[in-house]
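Q: Before we turn to any single feature, could you show me how to read a structure of this kind step by step?

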Amino acid sequence: MRVLIIGSLAGELGKAAKIAVARGARLEQADDIRTALVILRGNAGVQLVLCELHHDIAALVRSLAHERIVVSVVACGLERDSEQALQAVRDGAQDFLPLPPDPELIAAMLAAAAGESHAMIARDPVMLATLRRAEQVARAQASVLISGESGTGKEVIARHIHRRSMRSTGPFIAVNCAAIPDHLLESELFGHEKGAFSGAVARRIGKFEAAQQGTLLLDEISEMDVRLQAKLLRAIQEREIDRLGGSVPVKLDVRILATTNRDLAAEAAAGRFRSDLYFRLNVIGLTLPPLRDRREDIVPLAEHYARHYADVNGLPYRQLSDDAGARLLRHDWPGNVRELENLMHRAVLLAEGATISAAILEMPSEPTTPAQAPVPVAETAPAIGGDHAVCSLVGRRMEDVEQALIIETLNHTLGNRTHAATMLGISIRALRNKLRDYVEQGLPVPPPQAGHWAA
Ligand SMILES: Nc1ncnc2c1ncn2[C@@H]1O[C@H](COP(=O)(O)OP(=O)(O)OP(=O)(O)O)[C@@H](O)[C@H]1O
């Protein structure tokens with residue numbers, strides 16, 4: 001992943017940069033915000049910006065919004081500068097990295113910005129068959145549509161297809177269509193020329209061009225606005241794009257992969273998704289089975305995460321006890337692999353004895369609906385007057401209950417905003433606005449995918 005550092009590499013930030021490089025990051029460096037913006041306009045592959053606190057972070061965030069550049073900004077400074085750190089978050093930084101740098105915190109930030117680790121575990125015959133099919137189609141050039149419930153590993157398999165393709169030495173660029181507002185998504189994908197809109201002060205290269213000779217993953221494609229769907233269809237058919245405000249088309253050599261956790265054929269039939277685009281994307285279709293239908297993967301995945309999170313947190317590796325394994329096998333996993341991963345992360349942090357026992361596995365009560373697309377409230381709401389959990393809320397202010405629910409959901413998803421918003425049935429933008437309000441009120445908010453150790 002590409003990381004842009006704004007500031008001097010001579011001091012503590014240089015140490016952070018070295019750690020990021022040791023974890024596989026490729027660095028860009030700018031002495032000031034003006035230079036950083038020049039780099040960002042020309043390189044849509046940058047996923048994370050680490051910016052020293054004393055730079056004008058508010059101005060950086062404003063320019064990024066103005067120029068429709070989507071990238072995570074993390075403010076960096078000494079731990080004692082907590083007032084400035086809070087101000088940086090108020091100004092729009094997504095997080096604060098205290099210096100001197102903690103290698104594990106940097107690893108978590110890189111993982112959060114890149115969309116977590118790429119290891120692929122598969123033991124169940126159903127999953128092995130899916131994997132074989134993915135490997136078969138990897139060498140083709142055709143688009144692949146990967147369907148499956150949220151958290152089943154659609155992005156993991158997309159990366160696997162890229163690694164096994166003839167484009168593996170080229171870039172793999174992922175764009176989450178649900179997480180980026182429509183007006184930003186267009187320039188994020190297609191780029192823009194200077195003057196294309198009031199904030200377009202210079203040419204900006206989009207994700208399509210950043211993915212040249214490689215693979216572009218359009219995550220959660222069903223959430224793409226209809227107008228953009230038309231533009232995407234043209235890009236795929238003509239193999240060229242026009243930057244916003246551009247007059248000369250740019251030729252493309254990009255393979256498109258797309259994911260959806262909705263039934264895209266049904267969306268097309270209902271007129272919510274263009275049928276012609278659906279057929280273009282679904283030249284090859286792959287469906288990832290939910291975890292409850294590939295039970296032989298559950299324990300190997302749990303063991304993988306027990307090892308991984310022990311490693312990441314500098315803790316001793318503890319095996320799963322037999323009763324813990326049995327308990328995992330009894331659960332239905334509505335949140336799929338992501339739910340299992342979060343549960344094991346917590347268990348690794350809480351474990352004390354020689355093994356991870358069933359007692360510390362914090363299983364939520366068995367939900368009745370799979371956690372994929374937001375479920376209409378009417379389908380899940382308890383009958384009025386009949387539910388103890390709801391009765392116990394009577395007398396509390398709506399705002400307080402909402403706040404507690406949001407923070408608790410974020411704790412459950414270990415800070416993952418996209419997943420929390422899906423569970424809450426609200427847009428990422430609405431969630432971000434709420435969190436910004438909480439930060440302004442001085443409330444502690446779980447940082448993005450940081451886990452308990454950073455809470
Ligand atoms: N087979 C697997 N082996 C190891 N880890 C996996 C596997 N499948 C999924 N994961 C992990 O589970 C988490 C969710 O995976 P991923 O983001 O690919 O799911 P998704 O189906 O794309 O979810 P969403 O639809 O919510 O975006 C990630 O942290 C990923 O690393």
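The dialogue that follows takes up confidence, one helix, the ligand shell and one residue.

Q: What is the mean pLDDT of the protein chain?

A: The general idea is to look at confidence before geometry, since this is a predicted model. Here the mean pLDDT of the protein chain is 83, and 89% of its residues reach 70 or more, while the model as a whole scores ipTM 0.98 and pTM 0.67.

Q: Over which residues does pLDDT stay under 50?

A: It does so over residues 366-386, a stretch for which the model has 23 contacts beyond four places in sequence. Residues 450-455 also have pLDDT below 50, and there the model has 13 contacts beyond near neighbours in sequence.

Q: Which residues of helix 3 are buried, and why do they lie on the same side of helix 3?

A: In general, an α-helix has 3.6 residues a turn, so residues three or four places apart point the same way. In this structure helix 3 covers residues 57-66, and its buried residues are I57, L60 and L64. They lie on the same side of helix 3 because they cover an arc of only 60 degrees around the axis.

Q: What do the buried residues of helix 3 pack against?

A: Their partners are two helices, helix 2 (33-42) and helix 4 (82-90), together with strand 3 (46-52) and strand 4 (72-78). Just after helix 3, the backbone at R68 takes a positive phi of about 55 degrees.

Q: Which residues come nearest to the ligand?

A: A useful habit is to go from single residues to elements, and then to domains. Of the 22 residues around the ligand, the nearest are S150, G153, K154, E155 and V337. Helix 7 (154-163) and helix 15 (336-350) are the elements that give two or more residues to this shell, and domain 2 (125-287) and domain 3 (292-360) each supply at least three residues.

Q: How many residues of the shell around the ligand are nonpolar, polar and charged?

A: The shell divides into seven nonpolar, nine polar and six charged residues.

Q: Why does D323 count as partly exposed?

A: The idea is to count C-beta neighbours, where 20 or more would make a residue buried and 12 or fewer would make a residue exposed. D323, which is found in helix 14 (residues 322-330), has 13 C-beta neighbours inside 10 Å and therefore counts as partly exposed.

Q: With which residues is D323 in contact, leaving aside its neighbours within four places in sequence?

A: Those contacts are with S357 and A358. D323 and A358 are 35 residues apart in sequence, yet their C-alpha atoms are 5.6 Å apart in space.

Key. Residues are numbered from 1 along each chain as its sequence is written. This is a predicted model: local features need pLDDT of at least 70, side-chain atom pairs count only at pLDDT 80 or more; totals for chains, interfaces and linings use all residues. pLDDT is the predictor's confidence in each residue, from 0 to 100. Two residues are in contact if their C-beta atoms, placed from the backbone, lie within 7 Å. Helices (H or I, at least four residues) and strands (E, at least two) are DSSP runs, numbered from the N terminus. The arc is that of the directions from the helix axis to the C-beta atoms. A residue is near a molecule or strand if its C-beta atom, placed from the backbone, lies within 6 Å of it. Ala, Val, Leu, Ile, Met, Phe, Trp, Tyr, Cys and Pro count as nonpolar, Asp, Glu, Lys and Arg as charged, and the others, Gly among them, as polar. Domain bounds come from an automatic or database domain assignment.
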